[in-house]
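Morning, everyone. Please pull up the structure on your screens. I'll take a sheet, then the cysteines.

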Amino acid sequence: MIPAVADPATLDGGARTPLLPETDPRRRAAHAGGGQKRPPPPATTTVLPAVVSAVLLLVLVAVTVLASQHVDDGQGGGVAVVPAGGGGHAVVEVAASRGVADGVSEKSTAPLLGAAGGAVEEFSWTNVMLAWQRTAFHFQPPKNWMNDPNGPLYHKGWYHLFYQWNPDSAVWGNITWGHAVSRDLLHWLHLPLAMVPDHPYDANGVWSGSATRLPDGRIVMLYTGSTAESVQVQNLAEPADPSDPLLREWVKSDANPVLVPPPGIGATDFRDPTTAWRAPNDTTAWRVAIGSKDRDHAGLALVYRTEDFVRYDPAPALMHVVPGTGMWECVDFYPVAAGGSAAAADGDGLETSAAPGPGVKHVVKASLDDDKHDYYAIGTYDPATDTWTPDDAENDVGIGLRYDYGKYYASKTFYDPVLRRRVLWGWVGETDSERADILKGWASVQSIPRTVLLDTKTGSNLLQWPVVEVENLRMSGKSFGGIALDRGSVVPLDVGKATQLDIEAVFEVDASAVEGVTEADVTFNCSTSAGAAGRGLLGPFGLLVLADEDLSEQTAVYFYLVKGTDGSLQTFFCQDELRASKANDLVKRVYGSLVPVLDGENLSVRILVDHSIVESFAQGGRTCITSRVYPTRAINDSARVFLFNNATNVHVKAKSVKIWQLNSVYIRPYPASSL
């Protein structure tokens with residue numbers, strides 16, 4: 001065990017444990033069923049009528065037993081108990097799709113878990129395991145299902161977060177708007193529901209929307225409603241009392257719906273209005289963008305102009321369209337300060353209506369229904385035509401950069417006028433089974449809110465970083481430095497409890513070893529690799545979090561260097577969930593992508609560990625990865641942290657590792673006596 005030291009220079013090396021277990025991806029594929037042979041067809045036989053009758057009777061009895069042992073979730077899905085080999089019973093989940101038939105993206109993991117055969121055997125979760133999964137400093141409602149963050153804003157001393165919530169169950173359905181307020185984006189007070197589906201124009205759900213603050217102090221909320229006929233329409237709501245800091249009551253407009261799908265747009269392909277903005281050449285009309293797709297499956301953003309948020313005119317052209325990207329959900333559009341501007345120098349965000357110009361770029365982001373990832377691109381907005389052009393067409397929306405390369409979707413930003421920053425929220429869904437969610441009584445968390453800036457060093461990507469308030473949760477901390485990571489080494493770090501952590505680490509790679517390699521893993525890709533157990537010349541190396549003592553469970557966060565025959569060096573940043581849990585009813589993946597590393601920069605990462613969620617930020621937030629993990633052994637006092645280097649040809653030094661225990665936040669109902 002490597003102890004923390006006051007003088008990092010006194011550390012050089014440490015205890016060694018066996019290498020990470022090797023993993024053969026072919027064996028994994030065969031285990032999943034892809035390599036199994038079909039059994040030969042049965043031979044034709046003559047069966048006596050009495051035998052037929054007996055078989056039919058047995059089948060009838062089995063069906064009756066299964067029906068009696070079906071567990072209903074209250075939302076049209078469920079699980080069943082079936083006989084297992086060797087006696088006893090195995091629980092399998094019925095692969096039920098949720099949301100798609102209603103005109104939104106898939107909200108269930110069941111189709112993924114049941115892709116091979118339609119059902120998956122459930123793990124025997126204990127109450128201790130399930131209770132441990134609830135986070136300590138990420139936003140969650142008290143119970144049940146949650147998805148998209150909606151309408152975040154700052155108002156009279158309070159940050160407001162609205163969110164998609166099912167008040168009745170831990171699976172998607174009956175979507176209402178939950179509402180919570182905070183002074184610091186971390187400690188939250190739950191308020192009564194803001195909006196419920198109670199009109200024909202939102203009878204099937206109060207879906208995603210955005211808030212806009214007007215110069216006269218009014219707040220308008222535009223949101224998508226799904227009608228009784230499942231047509232997606234846009235609706236208007238306002239606070240009943242704008243002077244109320246808590247915005248406890250909302251009134252829907254008598255003019256609803258204020259927008260319906262235009263010609264050429266499908267009835268279920270018109271949703272998620274953005275925060276409105278004004279163009280400098282037209283200060284009377286507001287602009288709103290709405291996501292959609294066309295008949296050729298091109299993703300697109302429509303723009304509408306309005307003076308009163310009741311009557312709208314379509315812009316003469318589409319804001320932007322990208323062929324082949326499919327439905328754009330939860331579109332976001334906002335300015336960022338470019339290099340050379342005072343705002344960029346100060347690290348400030350920009351208000352949504354900031355005028356385009358030399359010191360301003362604009363971001364278009366879309367959540368792609370096709371693959372459930374959030375893509376963004378940086379470009380130039382033309383206020384005269386309300387169109388937007390990417391700086392790099394090869395990294396356009398939906399085909400290039402992503403906010404997060406892990407489990408992260410339906411994100412939404414807002415401008416914080418107090419700290420002059422743009423803050424990003426993202427929905428982090430579950431990757432376990434619906435049965436497990438029903439057992440524990442809740443599903444999904446919101447990511448830690450992140451500040452968003454343009455990376456003025458590269459000029460081609462955003463920087464995302466946990467809001468500064470997270471540092472106020474830091475309690476005891478330990479520092480390690482100068483730890484040599486030999487090839488194939490795993491080094492434990494003595495940090496005490498390891499389930500609520502803030503980790504900052506800097507790595508230095510042996511430059512001479514890199515230079516001595518002619519070519520290294522030019523075809524490497526995080527998602528198709530064997531994860532942290534797959535050994536290459538120049539990687540992987542990094543940290544293992546939520547690991548047990550013998551490394552039977554571990555979540556790996558690491559770098560992997562690739563060298564081309566031309567001498568070019570690229571750095572991948574990856575996160576491996578393949579060994580995060582002994583449970584089998586989980587979607588486990590290796591996430592990641594390239595991360596820009598400039599000349600003279602060491603490799604750096606920040607990791608937030610909060611029970612069943614791990615959020616990682618490489619190179620100051622140029623590349624981010626979020627994972628949901630569900631250990632069965634590496635929980636409570638059994639969780640550990642390790643450094644590792646599984647490369648075969650390069651020595652690595654952990655120059656600096658700082659690890660803080662993080663305090664829990666309070667998230668509780670607002671005092672009833674004050675409502």
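In what order do the four strands of the open sheet come, and is the pairing parallel or antiparallel? The order is β18-β19-β20-β21, and the pairing is antiparallel. Keep in mind that this is a predicted model.

Look at the edges. They are β18, residues 328–337, and β21, residues 387–390. Each of these edge strands pairs on one side only. Now the twist. On average, neighbouring strands in this sheet are turned by 40° against each other, ignoring direction.

Next, one strand pair. β19 covers residues 360–368, and β20 covers 373–382. Seven bridges join them in the antiparallel sense. One contact to pick out: alanine 366 has tyrosine 375 in β20 as its bridge partner.

On to the cysteines. How many disulfides does the structure hold? One. Cysteine 526 and cysteine 574 form it, with their sulfur atoms 2.1 Å apart. Where do the two sit in the chain? Cysteine 526 is in the loop between α7 (511–515) and β31 (541–547). Cysteine 574 is in strand β33, residues 569–576. The two are 48 residues apart, so the pair links distant parts of the chain. Now its handedness. The torsion about the S-S bond of cysteine 526 and cysteine 574 is about -60°, so this disulfide is left-handed. Both cysteine 526 and cysteine 574 are buried.

Two further cysteines to check. Is cysteine 330 buried or exposed? Cysteine 330 counts as buried because its relative accessibility is 7%, and the cut-off for buried is under 20%. Cysteine 624 has 0% relative accessibility, so cysteine 624 counts as buried too.

How values were computed. Residues are numbered from 1 along each chain as its sequence is written. This is a predicted model: local features need pLDDT of at least 70, side-chain atom pairs count only at pLDDT 80 or more; totals for chains, interfaces and linings use all residues. Side-chain values use heavy atoms; hydrogens and water are left out. Two strands pair if DSSP finds at least two bridges between them. Axes are lines fitted to C-alpha atoms, for helices over the stretch in contact, and angles run from 0 to 180 degrees between N-to-C directions. A disulfide is a pair of cysteine sulfur atoms within 2.5 Å. Buried means under 20% relative accessible area, exposed over 50%, partly exposed in between (1.4 Å probe, protein chains only).
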